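Here is a short tour of one model for someone who would rather look at it than read tables. Keep the viewer open and follow along.

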Amino acid sequence: MRSADRFTMVAVVSLLSFGCSKPTPATADSAAVSTTTTTTTFDENAARAQILGADSAFQRALVSKHVDSLMVYYDPDVVSMGSNSKPIKGTTDLRASYDKAVLANNRNLSFQSGGVNFSNDHSMAWDHGTYSHTSDGPGGKPVTHSGSFLNVWKNVGGKWLIVAEIGT
């Protein structure tokens, strides 16, 4: 464990110990709150690595034109929006879109992450960044495309699934 990680762990444990040692005043809505609390830890670094790893695997699947491997990253109710097109809703329509997209002979695909962020309750995350790739244009002439992306992820039983994506 790196010393920065150890320092963070010690700081968190100290804060939790200090915060837990003070009595909690009763409030009008105290009866609505359960007296049993469950403390779970969320490892943002591990979750971030899982999401960035999924982005990398997604990129490899797209280049290899393996649409089935792409679909494992999507929630069944996903909404996908690209530039100059109508939103695609659900994995059935998204699969059909990818079936067409892989015919364009995409290559030289690269993603640059701008970061991964989490909701306060850690049930959602979003990552963003830029991408570029080359595909066959009119007459087979190579055309380079570049833009930005935003993926919204939902934590489903410890697995992160894309629920919304936007690419420009």
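The buried residues of helix H2 are Ala47, Ile51, Ala54, Asp55, Ala57, Phe58, Gln59, Ala61 and Leu62. If you wonder about the spacing in that list, recall that an α-helix has 3.6 residues a turn, so residues three or four places apart point the same way. Bear in mind that this is a predicted model.

How far apart are the end C-alpha atoms of H2? They lie 29 Å apart, and this agrees with the 28 Å that the 20 residues of H2 (residues 44–63) should span at 1.5 Å a residue. At the start of the helix, Asp43 puts a side-chain oxygen within 3.1 Å of the backbone nitrogen of Asn45. After H2 comes Lys65, with a positive phi near 60°.

Lys65 brings up the backbone angles. As a rule, most residues other than glycine have a negative phi. Here are four residues with a positive one:

| Residue | Place | Phi |
|---|---|---|
| Lys65 | following H2 | near 60° |
| Asn84 | hairpin of E1 and E2 | near 60° |
| Asn105 | loop between H4 and E3 | near 55° |
| Asn108 | strand E3 | near 55° |

Are Asn105 and Asn108 buried or exposed? Asn105 is partly exposed, at a relative accessible area of 28%. Asn108 has a relative accessible area of 59%, which makes it exposed.

Now for the sheet. Six strands form an open sheet with mixed pairing, and their order is E2-E1-E6-E5-E4-E3. Because E2 and E3 stand at the edges with a single partner strand each, one side of each has no neighbour in the sheet. In general, strands of a sheet pair through backbone hydrogen bonds, either parallel or antiparallel.

E1 is a good strand to zoom in on. With E6 it pairs in the parallel sense, over four bridges, and Val79 stands opposite Ala164 in E6. With E2 (residues 88–89), E1 runs antiparallel, joined by two bridges. Ser80 has Ile88 in E2 as its bridge partner. The hairpin of E1 and E2 has six residues between the strands, and this is where Asn84 takes its positive phi.

Last stop, the pocket. What is the volume of the largest pocket? It comes to about 860 Å³. Its lining counts 32 residues, and the closest to the centre are Gly82, Tyr98, Tyr131, Glu165 and Gly167.

Which elements supply at least two residues each to that lining? They are H2, strand E1 (74–81), helix H4 (91–101), strand E3 (107–118), strand E4 (124–136), strand E5 (142–156) and strand E6 (159–167). E5 gives the largest share, five residues. Sorted by class, the lining has 18 nonpolar, 12 polar and two charged residues.

So the helix we started with turns up again at the end: H2 has its set of buried residues and also supplies at least two residues of the pocket lining.

Note on methods
Residues numbered from 1 in each chain as written. Predicted model: local features only at pLDDT ≥ 70, side-chain atom pairs only at ≥ 80, totals over all residues. Heavy atoms only, no water. Expected span 1.5 Å × (residues − 1). Buried < 20%, exposed > 50% of the residue type's maximum accessible area, 1.4 Å probe, protein only. Polar contact = N/O pair within 3.5 Å; in protein donor to acceptor, adjacent residues only side chain to side chain. 1 Å grid on protein atoms, 1.4 Å probe; cavity = no way out; pocket = protein on both sides within 12 Å on 5 of 7 lines; lining within 4 Å. Points joined across faces, edges and corners; volume = space filled by probe spheres on them. Nonpolar A, V, L, I, M, F, W, Y, C, P; charged D, E, K, R; others polar. Pairing = 2+ DSSP bridges.
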